[in-house]
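Q: Could you take a close look at one strand of this chain, describing what it pairs with and how covered it is, and then place it in the chain as a whole?

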Amino acid sequence: MKKLWIVPLLPLLLVAAEFKVASYNVENLFDLKKSGSEYTEYIPFTGYGWNEKAFATKVRNISRVICDLKPDIIGLQEIESDEALKALQKGLMACGWKMPYRAIADNKPTVVKTALLSRYPIVEKSEIDPDGSLRTRNILETTVDLNGKHLKVFVNHWKSRNGPESRRIVSAEALMKRAMSLPKESDYILLGDFNSDWNEWRTLPKSPRLNDTGGMTGINHILKTVENGKPVTKRTIVWPCHYDLWLELPPQKRWSHNFYGHKHALDHMLLPVGMFDARGINYKDRSFRKFTPRYLFTERGALYRWQVAKQRRGKHLGAGYSDHLPVYAYITTKPFGFSSDAHKRADTENYVKTAPRTIHIAELYSLPLGWMNGIVEDAVVIYKRGKIAILKEPRGRSILVYRDTGHLKKGHRFKVAIRKLYEYKGLREVTKVDVLKDLGKADVEPLLLKSVENLSDPGVVNEVVASVSGIYRRGYLYYGQGKKIKLFFRDRKRRPKNGETVRLQKVRIGIYRNRPELVVD
């Protein structure tokens, strides 16, 4: 067994039947020691501002996420060193979530490394070196003792997507070789940042820059999350295939990384057949989720990543979290059992009866679809036409309400209860809303979108544009510096002629088949 770090034991944890396992790419948690291998902007005590204050803020922010998530085990990516990992451990203790056991894959001096924190003892630790070079990060292999039952956790961080698929296949092959050396009934989880989508086998052939393998993918073909052109399911899984927990969520929810509006499911949790039996440790059906508290997003809905100035030599601004969302699932010492569809329907129908909680409209873009009970304390009706109304939270985002609009008055502020979320061809909307209190009239004009720099930004969907001008050509409005957006007229008779200059006022930004568009109702 290789190096293993354990801080003094806490009082014995209570025996539990369920455990929460998570994965989180924390985006470059560097220490304050100059090693010579740092990224330029993370060389400590230089003009880039990576100093005690920036480091303390980064540790405190990532600790907040983990403390709110409350995992029993969490795999981490982009940790520079054991010093950085120890600082994170202390940060967790400061906010009340103790994870006394840690391990890090530091046999190879890569710039950033994989690591694991646990509330339960890590009894074994080793590393998988895919190719013996610094081009490829080691995979951390740990065994955690969960009240006498052992779970293996493999923490991955595969080559980024600035490299071709062959670089990720190297890691996949090494990981699969190790997995196949284990007994067929073994309980283990493959997790981390695989820099691959759940459906990579479909998307890779469309990307000549990445596809140097003839369409062969590490995650789908080598780790066998796909068989005979179809994803492996919980009902079809056999040894040595793996089930990707992203399949637990609707397709539109399968993302954890948002790069300039391009959403990818890079962070995975993959399970073998041994996690779906009656022995040892098993997956708790339908428990996989993304962790999406409001503070991990900007007001426009983008991920609130660690902030570095675009100017001033990329100086750290001392704010933000990560460019990834955490993902998590529950495991249990009970035998695996499928969730009852009837039970699930009952839960959905009765969810509205559960205790309400205050939310912000921005959260509606990441919450599960269906019945809910979220209270928005202050929302203004900034738009109303026929069956459509738009609610906007001052200094926040907007959401479209469809059909259930009779009790909403344009230009009024309301305290509302959001009862049901729906999504139509990519457009997030509310289909059931109750007015709890009419807060009086409000000035709508300051709440309209004045900037038309980029109307295709996903963060402005469902906003109402105060005014925009441009040239109409074949269904598109060409505006600004060579930009365009689809223009939809509900009444086709109102469509202008090709080449005609148009000026639109108080039009909403919709989305159709995942493409933003201006809608003239």
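A: This is a predicted model, in which local features need pLDDT of at least 70 and side-chain atom pairs count only at pLDDT 80 or more, whereas totals for chains, interfaces and linings use all residues. Residues are numbered from 1 along each chain as its sequence is written, and side-chain values use heavy atoms, with hydrogens and water left out.

The part chosen here is strand β18, which spans residues 327-332; strands (E, at least two residues) and helices (H or I, at least four residues) are DSSP runs, numbered from the N terminus. Strand β18 is mostly covered, since 5 of its 6 residues are buried, where buried means under 20% relative accessible area, exposed over 50%, and partly exposed in between, with a 1.4 Å probe and protein chains only.

Strand β18 pairs with β2, β16 and β17, and two strands are said to pair if DSSP finds at least two bridges between them. With β2 (residues 18-29), the pairing is antiparallel and runs over 6 bridges, and within it alanine 22 stands opposite tyrosine 328 of β18. Tyrosine 328 also has arginine 289 opposite it, and β17 (residues 289-290) pairs with β18 in the antiparallel sense over 2 bridges. Strand β16 (residues 282-283) is likewise antiparallel to β18, over 2 bridges, and here asparagine 282 has threonine 332 of β18 as its bridge partner.

Turning to the whole chain, there are 6 helices and 29 strands. The radius of gyration, taken over C-alpha atoms, is 25 Å, close to the 24 Å that the globule rule gives for 521 residues, so the chain is as compact as a globular protein of that length; the rule itself is 2.2 Å times the number of residues to the power 0.38. Along the principal axes, the C-alpha atoms fill a box of roughly 75 × 55 × 50 Å. Of the 521 residues, 54% count as buried. Contacts, meaning heavy atoms within 4.5 Å, often link distant parts of the sequence: among those with a separation of 6 or more, 66% involve residues 24 or more positions apart.

For contrast with the mostly covered strand, proline 356 lies in the loop between α6 (341-350) and β19 (357-358) and is exposed, with a relative accessible area of 53%. Leaving aside its neighbours within four places in sequence, proline 356 is in contact with Asn373 and Ile375.
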